[in-house]
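Open the model in your viewer and keep the selection tool ready. The stops below say what to pick and what to look for.

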Amino acid sequence: MNLLPHALRELTELGIADTIAELGVEPRALAYYNRFGQPIWHEPRGLDAGYRWPQLSVHRGRLQLALRDLAEARLAEPIRLDHRLVGVTTHDDGTETATFETSAGTVEATTDVIIGADGIHSALRALRYPTEGAPPWGGLTLWRGVTRIPAFLDGRTMIMAGDADQKFVAYPLAPVDADERMVVNFIAERRVEVTGDADWNRAIDPAPIAELFREWSFDWLDVPTAIATADEILEYPMVDRDALPQWTFGRTTLLGDAAHAMYPNGSNGGSQAILDARTLAFHLATSESIDEALAAYERARRPAMTALLAGTRATGPERVMQLARERAPQGFADIDDVIPHAERQRIAADYKTAAGFLPEILNERASLTPPSAVAR
(Lines give C-alpha, C1' and ligand atoms only; values in the text may rest on other atoms or scores of the structure.)
Protein backbone atom coordinates (compact mmCIF):
# COMPACT_ATOMS: atom_id res chain seq x y z
CA MET A 1 0.00 0.00 0.00
CA ASN A 2 1.00 3.64 -0.32
CA LEU A 3 1.41 5.97 2.62
CA LEU A 4 1.28 9.52 1.31
CA PRO A 5 3.14 12.50 2.85
CA HIS A 6 0.18 13.57 4.99
CA ALA A 7 0.25 10.10 6.60
CA LEU A 8 4.04 10.08 6.95
CA ARG A 9 3.82 13.43 8.74
CA GLU A 10 1.61 11.84 11.40
CA LEU A 11 3.82 8.76 11.72
CA THR A 12 6.84 11.05 12.04
CA GLU A 13 5.21 13.06 14.83
CA LEU A 14 4.32 9.79 16.57
CA GLY A 15 8.00 8.86 16.46
CA ILE A 16 7.51 5.69 14.40
CA ALA A 17 8.23 6.80 10.81
CA ASP A 18 11.79 5.46 10.82
CA THR A 19 10.55 2.02 11.85
CA ILE A 20 7.95 2.00 9.07
CA ALA A 21 10.37 3.39 6.47
CA GLU A 22 12.63 0.37 6.93
CA LEU A 23 9.84 -1.80 5.53
CA GLY A 24 9.44 -0.17 2.12
CA VAL A 25 10.74 2.25 -0.49
CA GLU A 26 10.16 5.92 -1.23
CA PRO A 27 8.76 6.49 -4.73
CA ARG A 28 10.14 9.52 -6.55
CA ALA A 29 7.31 9.96 -9.05
CA LEU A 30 3.80 9.00 -10.11
CA ALA A 31 3.09 8.56 -13.82
CA TYR A 32 -0.11 7.91 -15.76
CA TYR A 33 -0.23 6.17 -19.17
CA ASN A 34 -2.90 5.07 -21.61
CA ARG A 35 -3.44 1.41 -22.48
CA PHE A 36 -0.81 1.70 -25.21
CA GLY A 37 1.87 2.75 -22.73
CA GLN A 38 1.92 6.39 -23.89
CA PRO A 39 2.61 8.95 -21.13
CA ILE A 40 -0.26 11.20 -20.01
CA TRP A 41 0.96 12.82 -16.80
CA HIS A 42 4.08 12.66 -14.65
CA GLU A 43 4.64 14.33 -11.30
CA PRO A 44 7.26 14.12 -8.54
CA ARG A 45 6.27 12.58 -5.25
CA GLY A 46 7.36 12.77 -1.63
CA LEU A 47 10.45 14.81 -0.86
CA ASP A 48 11.07 15.36 -4.58
CA ALA A 49 7.73 17.17 -4.77
CA GLY A 50 8.64 19.65 -2.05
CA TYR A 51 6.99 17.92 0.89
CA ARG A 52 8.73 17.92 4.25
CA TRP A 53 7.84 14.24 4.57
CA PRO A 54 8.32 11.36 2.12
CA GLN A 55 5.85 9.00 0.49
CA LEU A 56 6.28 5.30 1.24
CA SER A 57 5.28 2.11 -0.57
CA VAL A 58 5.15 -0.86 1.78
CA HIS A 59 3.77 -4.38 1.91
CA ARG A 60 0.47 -4.19 3.78
CA GLY A 61 1.12 -7.32 5.87
CA ARG A 62 4.55 -6.13 7.00
CA LEU A 63 3.07 -2.75 7.91
CA GLN A 64 0.26 -4.32 9.92
CA LEU A 65 2.67 -6.50 11.89
CA ALA A 66 4.92 -3.53 12.62
CA LEU A 67 1.98 -1.42 13.80
CA ARG A 68 0.80 -4.29 16.00
CA ASP A 69 4.21 -4.52 17.64
CA LEU A 70 4.40 -0.75 18.15
CA ALA A 71 0.90 -0.67 19.63
CA GLU A 72 1.55 -3.55 22.01
CA ALA A 73 4.67 -1.77 23.27
CA ARG A 74 2.60 1.31 24.15
CA LEU A 75 -0.77 -0.08 25.22
CA ALA A 76 -1.57 -0.69 28.87
CA GLU A 77 -3.83 -3.60 27.88
CA PRO A 78 -3.02 -6.37 25.39
CA ILE A 79 -4.70 -6.63 21.99
CA ARG A 80 -7.53 -9.14 22.33
CA LEU A 81 -8.52 -11.29 19.37
CA ASP A 82 -11.59 -13.52 18.90
CA HIS A 83 -14.04 -10.73 19.81
CA ARG A 84 -16.98 -9.95 17.50
CA LEU A 85 -19.02 -6.88 18.40
CA VAL A 86 -22.75 -7.70 18.59
CA GLY A 87 -24.18 -4.88 20.70
CA VAL A 88 -23.60 -1.50 22.33
CA THR A 89 -25.44 -0.08 25.35
CA THR A 90 -25.28 3.58 26.40
CA HIS A 91 -25.60 4.33 30.11
CA ASP A 92 -26.94 7.42 31.87
CA ASP A 93 -23.42 8.49 32.91
CA GLY A 94 -22.31 8.53 29.26
CA THR A 95 -20.24 5.35 29.38
CA GLU A 96 -20.74 2.65 26.78
CA THR A 97 -20.83 -1.13 27.17
CA ALA A 98 -19.72 -3.20 24.22
CA THR A 99 -20.99 -6.77 23.98
CA PHE A 100 -18.79 -9.26 22.14
CA GLU A 101 -19.23 -12.84 21.08
CA THR A 102 -16.13 -14.98 21.54
CA SER A 103 -15.36 -18.68 21.24
CA ALA A 104 -15.70 -18.85 25.04
CA GLY A 105 -19.06 -17.07 25.12
CA THR A 106 -20.37 -13.53 25.53
CA VAL A 107 -18.05 -10.86 26.96
CA GLU A 108 -18.87 -7.28 27.97
CA ALA A 109 -16.59 -4.26 28.38
CA THR A 110 -17.64 -0.86 29.71
CA THR A 111 -15.60 2.16 28.66
CA ASP A 112 -15.71 5.93 28.05
CA VAL A 113 -15.43 5.72 24.25
CA ILE A 114 -15.97 3.03 21.62
CA ILE A 115 -14.22 3.56 18.27
CA GLY A 116 -15.26 1.42 15.32
CA ALA A 117 -12.07 1.13 13.29
CA ASP A 118 -13.10 -2.26 11.93
CA GLY A 119 -13.07 -1.72 8.19
CA ILE A 120 -15.53 -1.78 5.33
CA HIS A 121 -17.57 -4.56 6.98
CA SER A 122 -17.68 -2.67 10.30
CA ALA A 123 -19.79 -4.29 12.98
CA LEU A 124 -20.33 -0.96 14.77
CA ARG A 125 -21.48 0.70 11.54
CA ALA A 126 -23.90 -2.17 10.95
CA LEU A 127 -25.36 -1.67 14.43
CA ARG A 128 -25.90 2.04 13.73
CA TYR A 129 -27.16 1.52 10.16
CA PRO A 130 -28.75 -1.96 10.23
CA THR A 131 -30.52 -1.63 6.87
CA GLU A 132 -27.48 -0.49 4.88
CA GLY A 133 -26.56 -3.89 3.50
CA ALA A 134 -23.39 -5.00 1.70
CA PRO A 135 -20.93 -2.54 0.13
CA PRO A 136 -22.14 -1.59 -3.37
CA TRP A 137 -20.15 -3.11 -6.23
CA GLY A 138 -20.00 -1.12 -9.46
CA GLY A 139 -18.70 -3.92 -11.68
CA LEU A 140 -14.93 -3.49 -11.44
CA THR A 141 -12.86 -6.45 -10.27
CA LEU A 142 -9.32 -6.09 -8.92
CA TRP A 143 -6.61 -8.72 -8.99
CA ARG A 144 -3.74 -7.96 -6.60
CA GLY A 145 -0.36 -9.64 -6.52
CA VAL A 146 3.35 -9.29 -5.90
CA THR A 147 5.85 -10.16 -8.62
CA ARG A 148 9.59 -9.85 -9.29
CA ILE A 149 10.32 -8.32 -12.69
CA PRO A 150 13.00 -6.31 -14.51
CA ALA A 151 13.18 -2.76 -13.15
CA PHE A 152 11.05 -0.32 -15.14
CA LEU A 153 11.58 3.40 -15.67
CA ASP A 154 13.88 4.66 -12.87
CA GLY A 155 12.98 1.90 -10.41
CA ARG A 156 11.30 4.43 -8.08
CA THR A 157 8.16 5.37 -10.02
CA MET A 158 4.57 4.32 -9.34
CA ILE A 159 2.67 3.83 -12.60
CA MET A 160 -0.98 3.62 -13.59
CA ALA A 161 -1.92 2.62 -17.13
CA GLY A 162 -5.31 2.33 -18.78
CA ASP A 163 -8.67 3.93 -18.08
CA ALA A 164 -11.93 3.44 -16.21
CA ASP A 165 -12.69 0.09 -17.86
CA GLN A 166 -9.29 -1.56 -17.61
CA LYS A 167 -6.23 -0.51 -15.65
CA PHE A 168 -2.86 -1.72 -14.38
CA VAL A 169 -1.12 -0.21 -11.35
CA ALA A 170 2.41 -1.11 -10.26
CA TYR A 171 4.95 0.19 -7.79
CA PRO A 172 8.14 -1.19 -6.21
CA LEU A 173 8.14 -2.61 -2.69
CA ALA A 174 11.93 -2.94 -2.49
CA PRO A 175 14.96 -1.31 -4.13
CA VAL A 176 16.28 -2.60 -7.46
CA ASP A 177 18.53 -5.60 -6.76
CA ALA A 178 21.90 -6.58 -8.21
CA ASP A 179 20.18 -8.37 -11.11
CA GLU A 180 18.36 -5.14 -12.10
CA ARG A 181 15.09 -6.63 -10.96
CA MET A 182 12.65 -5.47 -8.33
CA VAL A 183 9.76 -6.71 -6.24
CA VAL A 184 6.59 -4.98 -7.41
CA ASN A 185 3.08 -4.76 -6.05
CA PHE A 186 0.48 -4.64 -8.81
CA ILE A 187 -3.24 -4.24 -9.20
CA ALA A 188 -4.89 -5.39 -12.43
CA GLU A 189 -8.41 -4.09 -12.85
CA ARG A 190 -11.19 -4.69 -15.36
CA ARG A 191 -14.89 -3.92 -15.65
CA VAL A 192 -17.03 -7.03 -15.82
CA GLU A 193 -20.73 -7.73 -15.91
CA VAL A 194 -22.33 -7.56 -12.47
CA THR A 195 -23.96 -10.92 -11.75
CA GLY A 196 -24.34 -10.75 -7.97
CA ASP A 197 -22.12 -10.46 -4.93
CA ALA A 198 -18.40 -10.60 -5.74
CA ASP A 199 -15.97 -12.85 -3.92
CA TRP A 200 -13.41 -11.40 -1.51
CA ASN A 201 -9.78 -12.33 -1.17
CA ARG A 202 -10.05 -15.36 -3.46
CA ALA A 203 -6.85 -16.86 -4.83
CA ILE A 204 -7.04 -17.49 -8.58
CA ASP A 205 -4.83 -18.66 -11.44
CA PRO A 206 -2.74 -15.75 -12.83
CA ALA A 207 -2.84 -17.05 -16.43
CA PRO A 208 -6.39 -15.94 -17.34
CA ILE A 209 -5.74 -12.48 -15.90
CA ALA A 210 -2.49 -12.17 -17.86
CA GLU A 211 -4.50 -13.07 -20.97
CA LEU A 212 -6.85 -10.12 -20.35
CA PHE A 213 -3.77 -7.87 -20.64
CA ARG A 214 -2.03 -9.77 -23.45
CA GLU A 215 -1.70 -6.65 -25.65
CA TRP A 216 -0.24 -4.51 -22.86
CA SER A 217 3.44 -5.15 -23.59
CA PHE A 218 5.07 -1.74 -23.53
CA ASP A 219 8.69 -1.07 -24.38
CA TRP A 220 9.25 -0.13 -20.73
CA LEU A 221 7.02 -2.72 -18.98
CA ASP A 222 5.70 -6.17 -19.93
CA VAL A 223 2.34 -6.20 -18.13
CA PRO A 224 1.16 -9.74 -19.01
CA THR A 225 4.47 -11.23 -17.91
CA ALA A 226 4.36 -9.31 -14.63
CA ILE A 227 0.93 -10.80 -13.93
CA ALA A 228 1.77 -14.32 -15.12
CA THR A 229 4.87 -14.61 -12.94
CA ALA A 230 3.16 -13.58 -9.69
CA ASP A 231 3.39 -16.15 -6.91
CA GLU A 232 -0.26 -15.61 -6.09
CA ILE A 233 -3.12 -13.38 -7.23
CA LEU A 234 -6.05 -12.48 -5.00
CA GLU A 235 -9.36 -11.29 -6.41
CA TYR A 236 -11.44 -8.49 -4.93
CA PRO A 237 -14.51 -6.53 -5.97
CA MET A 238 -13.87 -2.78 -6.14
CA VAL A 239 -16.42 -1.51 -3.66
CA ASP A 240 -16.92 1.46 -1.39
CA ARG A 241 -19.53 2.74 1.04
CA ASP A 242 -22.05 5.54 0.65
CA ALA A 243 -21.36 8.66 2.67
CA LEU A 244 -23.01 8.72 6.09
CA PRO A 245 -24.97 11.61 7.62
CA GLN A 246 -23.53 10.84 11.07
CA TRP A 247 -20.54 8.93 12.49
CA THR A 248 -20.98 9.59 16.19
CA PHE A 249 -23.77 8.23 18.38
CA GLY A 250 -23.38 8.91 22.08
CA ARG A 251 -19.77 8.09 22.82
CA THR A 252 -19.28 5.75 19.89
CA THR A 253 -17.80 6.84 16.59
CA LEU A 254 -16.41 5.44 13.34
CA LEU A 255 -12.92 5.75 11.87
CA GLY A 256 -11.19 4.84 8.60
CA ASP A 257 -12.93 2.46 6.21
CA ALA A 258 -15.66 1.88 8.77
CA ALA A 259 -16.63 5.53 8.29
CA HIS A 260 -15.71 6.24 4.67
CA ALA A 261 -14.48 3.26 2.65
CA MET A 262 -13.64 4.56 -0.83
CA TYR A 263 -12.31 3.34 -4.15
CA PRO A 264 -8.49 3.09 -4.30
CA ASN A 265 -8.32 5.88 -6.89
CA GLY A 266 -5.62 8.16 -5.55
CA SER A 267 -4.15 5.54 -3.18
CA ASN A 268 -5.53 7.40 -0.18
CA GLY A 269 -7.63 5.09 2.02
CA GLY A 270 -4.93 4.06 4.48
CA SER A 271 -3.55 7.59 4.73
CA GLN A 272 -6.99 9.00 5.52
CA ALA A 273 -7.49 6.43 8.29
CA ILE A 274 -4.25 7.63 9.88
CA LEU A 275 -5.48 11.23 9.67
CA ASP A 276 -8.79 10.20 11.25
CA ALA A 277 -6.99 8.57 14.17
CA ARG A 278 -4.66 11.50 14.76
CA THR A 279 -7.52 14.01 14.56
CA LEU A 280 -9.62 12.02 17.01
CA ALA A 281 -6.70 11.62 19.43
CA PHE A 282 -5.93 15.35 19.21
CA HIS A 283 -9.48 16.36 20.13
CA LEU A 284 -9.74 13.79 22.92
CA ALA A 285 -6.55 15.25 24.38
CA THR A 286 -7.48 18.92 24.02
CA SER A 287 -11.29 19.22 24.39
CA GLU A 288 -13.11 20.00 27.62
CA SER A 289 -15.14 16.79 27.43
CA ILE A 290 -15.39 13.54 25.52
CA ASP A 291 -18.63 14.66 23.90
CA GLU A 292 -17.02 17.87 22.66
CA ALA A 293 -14.05 15.90 21.36
CA LEU A 294 -16.19 13.51 19.35
CA ALA A 295 -18.21 16.37 17.91
CA ALA A 296 -15.04 18.25 16.92
CA TYR A 297 -13.59 15.12 15.31
CA GLU A 298 -16.68 14.58 13.19
CA ARG A 299 -16.81 18.24 12.15
CA ALA A 300 -13.18 18.09 11.07
CA ARG A 301 -13.32 14.81 9.18
CA ARG A 302 -16.80 13.80 7.98
CA PRO A 303 -17.48 16.67 5.50
CA ALA A 304 -13.99 16.35 4.05
CA MET A 305 -14.35 12.59 3.62
CA THR A 306 -17.80 12.96 2.08
CA ALA A 307 -16.29 15.23 -0.58
CA LEU A 308 -13.27 12.98 -1.09
CA LEU A 309 -15.48 9.90 -1.48
CA ALA A 310 -17.42 11.66 -4.22
CA GLY A 311 -14.15 12.60 -5.88
CA THR A 312 -12.87 9.03 -5.91
CA ARG A 313 -16.12 7.85 -7.47
CA ALA A 314 -15.36 10.33 -10.24
CA THR A 315 -11.95 8.55 -10.59
CA GLY A 316 -10.04 11.22 -8.65
CA PRO A 317 -6.64 12.12 -10.14
CA GLU A 318 -6.95 9.15 -12.52
CA ARG A 319 -9.44 11.20 -14.49
CA VAL A 320 -6.61 12.14 -16.85
CA MET A 321 -6.48 8.52 -18.04
CA GLN A 322 -10.20 8.46 -18.75
CA LEU A 323 -10.05 11.77 -20.62
CA ALA A 324 -7.25 10.39 -22.78
CA ARG A 325 -9.38 7.34 -23.55
CA GLU A 326 -12.43 9.43 -24.42
CA ARG A 327 -10.59 12.00 -26.53
CA ALA A 328 -7.98 9.76 -28.15
CA PRO A 329 -9.13 6.12 -27.97
CA GLN A 330 -6.48 4.98 -30.48
CA GLY A 331 -3.64 6.85 -28.82
CA PHE A 332 -1.99 10.17 -29.61
CA ALA A 333 1.14 11.79 -30.96
CA ASP A 334 1.22 14.59 -28.37
CA ILE A 335 -0.73 14.49 -25.11
CA ASP A 336 -0.89 18.30 -25.05
CA ASP A 337 -3.13 18.13 -28.12
CA VAL A 338 -5.51 15.84 -26.21
CA ILE A 339 -5.44 17.22 -22.66
CA PRO A 340 -3.69 20.56 -22.24
CA HIS A 341 -1.04 20.69 -19.54
CA ALA A 342 -3.03 23.20 -17.50
CA GLU A 343 -6.02 20.86 -17.39
CA ARG A 344 -3.91 17.91 -16.27
CA GLN A 345 -2.21 20.04 -13.65
CA ARG A 346 -5.55 21.28 -12.32
CA ILE A 347 -6.92 17.72 -11.96
CA ALA A 348 -3.85 16.69 -9.95
CA ALA A 349 -3.95 19.78 -7.73
CA ASP A 350 -7.69 19.57 -7.11
CA TYR A 351 -7.37 16.04 -5.78
CA LYS A 352 -4.42 16.91 -3.53
CA THR A 353 -6.42 19.82 -2.13
CA ALA A 354 -9.48 17.63 -1.44
CA ALA A 355 -7.34 14.92 0.18
CA GLY A 356 -5.36 17.40 2.29
CA PHE A 357 -1.90 16.92 0.84
CA LEU A 358 -1.20 19.85 -1.43
CA PRO A 359 2.46 20.54 -0.49
CA GLU A 360 2.12 24.18 0.48
CA ILE A 361 -0.95 23.42 2.63
CA LEU A 362 0.38 20.29 4.31
CA ASN A 363 3.79 21.77 5.05
CA GLU A 364 2.25 24.73 6.89
CA ARG A 365 -0.70 23.02 8.58
CA ALA A 366 -0.70 23.04 12.37
CA SER A 367 0.43 19.86 14.07
CA LEU A 368 -2.04 17.28 15.38
CA THR A 369 0.28 16.56 18.31
CA PRO A 370 -1.40 18.00 21.44
CA PRO A 371 0.67 20.76 23.11
CA SER A 372 0.81 18.72 26.34
CA ALA A 373 2.45 15.83 24.47
CA VAL A 374 5.02 18.18 22.94
CA ALA A 375 5.84 19.55 26.39
CA ARG A 376 6.46 16.05 27.70
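Select T97 and everything it touches. Beyond the residues up to four places away in sequence, this predicted model puts T97 in touch with G87, V88, T89, H91, E108, A109, T110 and I114. T97 itself sits in strand β7, residues 96-102. Is T97 buried or exposed? Its relative accessible area is 5%, so T97 is buried, the cut-off being under 20%.

Now show side chains at this stop. Two polar contacts start from the T97 side chain. One goes to the side chain of H91, at 2.6 Å. The other goes to the side chain of T110, also at 2.6 Å.

Next, select Q55. Look for Q55 in the loop that runs between β4 (39-44) and β5 (56-58). Q55 has a relative accessibility of 2%, so this loop residue counts as buried. Which side chains make polar contacts with that of Q55? One is N2, with a contact of 3.5 Å. Another is R45, at 3.2 Å.

Widen the selection around Q55. Setting aside neighbours within four places in sequence, the contacts of Q55 are N2, L3, L4, P5, V25, E26, P27, R45 and G46. N2 and R45 therefore appear both in this contact list and as side-chain polar partners of Q55.

Move to the surface. Select L75, I79 and L81. These three residues form a nonpolar patch there. Together they offer about 300 Å² of accessible area. Zoom in on L75, which lies in the loop between α3 (60-74) and β6 (84-90). With 45% relative accessible area, L75 is partly exposed.

Then pick helix α8, residues 269-286. How far does α8 reach from its first C-alpha to its last? The 18 residues span 26 Å, close to the 26 Å expected at 1.5 Å a residue. Colour the buried positions of α8: S271, Q272, I274, L275, D276, R278, T279, L280, F282 and H283.

Add A281, which also lies in α8. A281 is partly exposed, with a relative accessible area of 42%. In sequence, A281 comes between L280 and F282, both of them buried.

For the last stop, draw a distance from the C-alpha of A281 to the C-alpha of S57. The two are 25 Å apart in space. Along the sequence, 224 residues separate A281 and S57.

Conventions: Residues numbered from 1 in each chain as written. Predicted model: local features only at pLDDT ≥ 70, side-chain atom pairs only at ≥ 80, totals over all residues. Heavy atoms only, no water. Helix = DSSP H or I, 4+ residues; strand = E, 2+ residues; numbered from the N terminus. Expected span 1.5 Å × (residues − 1). Buried < 20%, exposed > 50% of the residue type's maximum accessible area, 1.4 Å probe, protein only. Patch = residues over 30% accessible without salt bridge, like charges linked within 9 Å, V, L, I, M, F, W, Y side chains within 5 Å. Areas by Shrake-Rupley, 256 points an atom, 1.4 Å probe, with all protein chains shown as cover. Salt bridge = Lys/Arg side-chain N within 4 Å of Asp/Glu carboxyl O. Polar contact = N/O pair within 3.5 Å; in protein donor to acceptor, adjacent residues only side chain to side chain. Contact = heavy atoms within 4.5 Å.
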